[in-house]
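Open the model in a viewer with residue labels switched on. The stops below follow one helix and then a single side chain.

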Amino acid sequence: MAAIKQLHIVASEIADDIIKDIYKQCDWQVGQFLPDDSEGNEINEAHSYMMRTVARHIANKLDVTTNKYYDE
């Protein structure tokens, strides 16, 4: 059982690193789609939308069922 717990800990750390990478990629990409005169809230909303969309695509490609009320 200790090995499974360790796997979960490592998986969580990997997930944190991947989220940081996705954040950076989305940050760069959002600037490609928004007009130059976009303001803070518009940029934040577009960035958040892109982050969630990327996460859904990853979950779909990995055939993972997502449920926001379930936390393993």
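Select Tyr49, Asn60 and Lys61: these residues of α2 are exposed, meaning over 50% relative accessible area, where under 20% is buried and anything in between is partly exposed (1.4 Å probe, protein chains only). The model is predicted, so local features need pLDDT of at least 70 and side-chain atom pairs pLDDT 80 or more, while totals for chains, interfaces and linings use all residues. Residues are numbered from 1 along each chain as its sequence is written, and side-chain values use heavy atoms, with hydrogens and water left out.

Next, select residues 40-61, the whole of α2. Its 22 residues reach 31 Å from the first C-alpha to the last, close to the 32 Å expected at 1.5 Å a residue; the expected span is 1.5 Å times one less than the number of residues. Helices are DSSP runs (H or I, at least four residues), numbered from the N terminus.

Now turn to the other side of α2 and pick His47, Met51 and Ala59, which are buried. Viewed down the axis, the buried residues of α2 fall within an arc of 110°, so they line one face of the helix; the arc is that of the directions from the helix axis to the C-beta atoms. Show residues 2-33 as well: this is α1, part of what covers them.

Zoom in on His47, whose relative accessible area is 7%. Beyond its neighbours within four places in sequence, His47 is in contact (heavy atoms within 4.5 Å) with Tyr23, Cys26, Asp27 and Val30. A polar atom of the His47 side chain lies 3.4 Å from the backbone nitrogen of Asp27.

Finish just after α2, at Asp63, where phi is positive, about 55°.

Notes:
Helix = DSSP H or I, 4+ residues; strand = E, 2+ residues; numbered from the N terminus. Polar contact = N/O pair within 3.5 Å; in protein donor to acceptor, adjacent residues only side chain to side chain.
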